Amino acid sequence: MNDVKALIGTVMDIRGVRENVAVLIEGKCIYDIIPADKIREYDVDEVFGGEGYLIIPGLINSHTHVAMTKFRGLGDDLPLNTWLNDLIWPMEKEWNRKELRKWALLGLMEAVSNGSTTVNEHYFLAGEIAKAAQELGVRAFIGQTIMDLVDFPLAEPKEGFKFFKRWKNQELITATLAPHATDTVSRDLLEEIGNFAKKENALVHIHLSQSKEEVRKVRKREGLYPVEYLQKINILDKNLIAAHGVYLNNTEIKLFAKSGATLAHCPTSLAKLEGSIAPTMQLWKSGANISLGNDCAASNNSLDMIEEMKIAAILNKIRAGPEQVGAAEVFYWATLGGARALRLKAGIIQRNYLADLVLINTKKVHFLPKGYYLSHLVYSAKGSDVEMVFVNGDVIYNSGKFPKIKTSFSDL
């Protein structure tokens, strides 16, 4: 064994809790999980954590626009279409590469410091976001936003395909295809994206039924609801990650669940912008895969997946009933649900799985009484309780510091 790290504490994933254990990391993967008192039998180079620490799988932030951190606090309390068309898009058309990379890095830093080890990003000038992610050391799935039914030069379709070809085989970066939404991308272009994705075995990341206006436009143009439309053009399958899904009807829920696609649930963002959330529990109980995302700091106002779990649980209780959704479901969505969506061997703490891990300091009043680990993580914890974040076995966040970043904060 070479360059072995050990995380000591209580391990929790969706399968349950194991106390007083050590997670051994060798290279990019988990080598073993052993009783903590057996650690002396191994040649360990570095030890982290100890009594009072909780070790969880890295949180997978399955729908993000990290550079939109620049717009935090602008346009609060506006409906989605006004917010997007009148405020956000005009500002986004002014992006330059340097400015976008700066804000992408800041957004990624915020996400990582709150426990995200992976982001699934959908935005413009995607190459700059990829460079920021590489510098930080975070795992990132990134697609260059594509649309042709809106006059938006930064979303030129050829740039999306160009980005994919340039970045598809990079360490920690996985290129995806990112059509904007069912109402902003033409049928011909969406079919071209779907065919390209199948040829490349690529993931497709799209906004779906995020507003009533989107549903209205698709029905008028295609004579179908958005999920029916995606099925008809053969893009609704296990490689599709669809964000939001607020206005799915019962027929669409059944089609979506049967397809194997993933709904990236962003409850805070759409509750704020639309005053509603997706029929997530109907999808879940129909067999659909669900993941969790923050969306962006312009609509969510933070990039904190621990906070998102709590809000997801509470908002879904309002919609489906308090007994229908609990901490276990949302913890699954934030970990293994995201891993399934992105085809990652992650989301649980097990030998040979990726060493994407989060160390949480539970030596705080809001983790009392002791022992209720799942409840406390989802309903009591805060992103600031995250002490260390590991990706591919490397420390990328440690108590407010980002060891891999070379950029000076004075340059940001």
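User: What volume does the largest pocket have?
Analyst: Keep in mind that we're looking at a predicted model here. The number for the largest pocket in it comes out at about 410 Å³.

User: Cool, and which residues lie closest to the centre of the largest pocket?
Analyst: There are 20 residues lining the largest pocket, so to speak its walls, and five of them are listed as closest to its centre. Those five are Glu 51, Gly 52, Thr 362, Lys 370 and Tyr 373.

User: Which element gives the largest share of the lining of the largest pocket?
Analyst: Start with the elements that give two or more residues: β1 (4–13), β2 (16–26), β4 (46–57) and α13 (373–380). One of these supplies four residues, the largest share. That element is β4.

User: How many residues of each class are in the lining of the largest pocket?
Analyst: Let's go class by class for this lining. It has five charged residues and seven nonpolar ones. The polar residues number eight.

User: What about the second largest pocket, which residues are closest to its centre?
Analyst: This pocket has a volume of about 310 Å³. Its lining is made of 14 residues. The ones closest to the centre are Arg 97, Ala 126, Gly 127, Glu 159 and Phe 163.

User: Which helix gives the most to the lining of the second largest pocket?
Analyst: Two helices each supply at least two residues of this lining: α3 (126–136) and α4 (157–167). The top contributor gives five residues, and that's α4.

User: How many residues in the lining of the second largest pocket are polar?
Analyst: Nonpolar residues account for six, and charged residues for six as well. The polar count is two.

Definitions and conventions
Residues are numbered from 1 along each chain as its sequence is written. This is a predicted model: local features need pLDDT of at least 70, side-chain atom pairs count only at pLDDT 80 or more; totals for chains, interfaces and linings use all residues. Side-chain values use heavy atoms; hydrogens and water are left out. On a 1 Å grid over the protein atoms alone, a cavity is a set of points where a 1.4 Å probe fits but cannot get out, and a pocket is an open set with protein on both sides within 12 Å along at least five of seven lines; lining residues have an atom within 4 Å of a point. Grid points are joined across faces, edges and corners, and a volume is the space filled by probe spheres set on the points. Ala, Val, Leu, Ile, Met, Phe, Trp, Tyr, Cys and Pro count as nonpolar, Asp, Glu, Lys and Arg as charged, and the others, Gly among them, as polar.
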